[in-house]
Amino acid sequence: MLAGQKDGPATLGIRGWQSHIRRPNRLMSTITAKKWTCDQCGVTVSRLGGEKVELPASWANSGDGTFCLLCRRERAAQAALDAAPEGNLEARAKLRRAALVEFEIRRRPGHGNGEIAKACRSSVAAVVAARKRLKIPAPQ
């Protein structure tokens, strides 16, 4: 988004930004495109020279759209908050943090507790507790 613009992903929503996105050819075995754009934040990934590039490994492309890792994390946290009953601010913050840790554990179950804690800006103890809730053991 350019400086001074008022309509960003937060105000337009996902559908408003889809008109700016070129969808890749879904008939190919490996999906490539000249440019990938996150449907939520508008960040783009491309190669210098305009070569086609695969969707980055940390991104997701689904029926809901194409999302970068940061927006995938945000969507996971928001989904947990939307499903929760209204509560005090501290309880909602804890729920959001737990949802982020659980998302990261599901995304990278083979990574160590310390790596996941660092990625989520959380504690190793929170990661260990989330692994127990999810019944996903830590790597050896």
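Q: Why is Lys135 called exposed?
A: In this predicted model, Lys135 has a relative accessible area of 72%. Exposed means over 50%, so Lys135 with its 72% earns the word. You will find Lys135 in the segment after H5.

Q: What makes the phi of Lys135 stand out?
A: The phi of Lys135 is positive, about 60°, although Lys135 is not a glycine. For background, most residues other than glycine have a negative phi. Along the chain, this positive phi comes just after H5.

Q: Where does Arg121 lie, and what is its phi?
A: Arg121 is in the loop between H4 and H5. Its phi is positive, about 55°, and Arg121 is not a glycine either. Helix H4 comes just before Arg121 in the chain.

Q: How do you know whether Arg121 is buried or exposed?
A: Look at its relative accessible area, which is 75%. The cut-off for exposed is over 50%, so Arg121 counts as exposed.

Q: Which residues of helix H4 are buried?
A: Helix H4 covers residues 113-120, and its buried residues are Asn113, Ile116, Ala117 and Cys120.

Q: How do you know on which side of H4 they sit?
A: Around the axis, these buried residues cover an arc of only 100°, so they are on the same side of H4. That side has partners: the buried residues of H4 pack against helix H3 (89-107) and helix H5 (124-134).

Q: Why is Cys120 called buried?
A: Its relative accessibility is 6%. Buried means under 20%, so Cys120 meets the condition.

Q: Which residues of H5 are buried?
A: They are Val127, Ala130, Arg131 and Leu134.

Q: What makes these residues of H5 line one face?
A: Seen down the axis of H5, they fall within an arc of 105°, and therefore they line one face of the helix. Their cover includes H3 and H4. On the other side of H5, Ala125 and Lys132 are exposed.

Q: Where is Arg108, and what does it touch?
A: Arg108 belongs to the loop between H3 and H4. Leaving aside its neighbours within four places in sequence, Arg108 is in contact with Glu115, Ile116 and Ala119.

Q: How do you know whether Arg108 is buried or exposed?
A: Arg108 has a relative accessibility of 19%. The limit for buried is under 20%, so Arg108 counts as buried.

Q: Why is Arg47 called partly exposed?
A: Arg47 has 45% relative accessibility. Under 20% would be buried and over 50% would be exposed, so a value of 45% puts Arg47 in between, as partly exposed.

Q: What surrounds Arg47?
A: Arg47 is part of the loop between strand E3 (44-46) and strand E4 (53-54). Apart from its neighbours within four places in sequence, Arg47 is in contact with Lys34, Lys52 and Val53. Lys35 is 12 residues from Arg47 along the chain, and the C-alpha atoms of the two are separated by 7.7 Å.

Q: Why is there no disulfide between Cys41 and Cys71?
A: The closest cysteine sulfur to that of Cys41 is in Cys71, at 3.6 Å, which is too far for a bond. A disulfide needs the sulfur atoms within 2.5 Å, so this pair does not count. By that rule, the model has zero disulfides.

Q: How do you know whether Cys41 is buried or partly exposed?
A: Cys41 has 35% relative accessibility. This lies between the limits of 20% and 50%, so Cys41 counts as partly exposed.

Q: What makes Arg75 a charge over a ring?
A: The charged end of Arg75 sits over the ring of Phe67, 4.0 Å from the ring centre. The distance part of the rule asks for within 6 Å, so 4.0 Å satisfies that part. As for pairs of aromatic rings, the count is zero.

Q: What does the whole protein look like, read along the sequence?
A: The protein has five helices and six strands, following the pattern α-β-β-β-β-β-β-α-α-α-α. Of its 140 residues, 29% are buried. The accessible surface comes to about 9300 Å², and carbon and sulfur atoms account for 54% of that.

Methods: Residues are numbered from 1 along each chain as its sequence is written. This is a predicted model: local features need pLDDT of at least 70, side-chain atom pairs count only at pLDDT 80 or more; totals for chains, interfaces and linings use all residues. Side-chain values use heavy atoms; hydrogens and water are left out. Buried means under 20% relative accessible area, exposed over 50%, partly exposed in between (1.4 Å probe, protein chains only). Rings of Phe, Tyr and Trp (its six-membered ring) pair if their centres lie within 6.5 Å; planes under 30 degrees apart count as stacked, over 60 as edge-to-face and the rest as tilted. A charge sits over a ring if NZ of Lys or CZ of Arg is within 6 Å of the ring centre and within 35 degrees of the ring normal. Helices (H or I, at least four residues) and strands (E, at least two) are DSSP runs, numbered from the N terminus. The arc is that of the directions from the helix axis to the C-beta atoms. Contact means heavy atoms within 4.5 Å. Accessible areas come from the Shrake-Rupley method with a 1.4 Å probe; for residues, only the protein chains shown count as cover.
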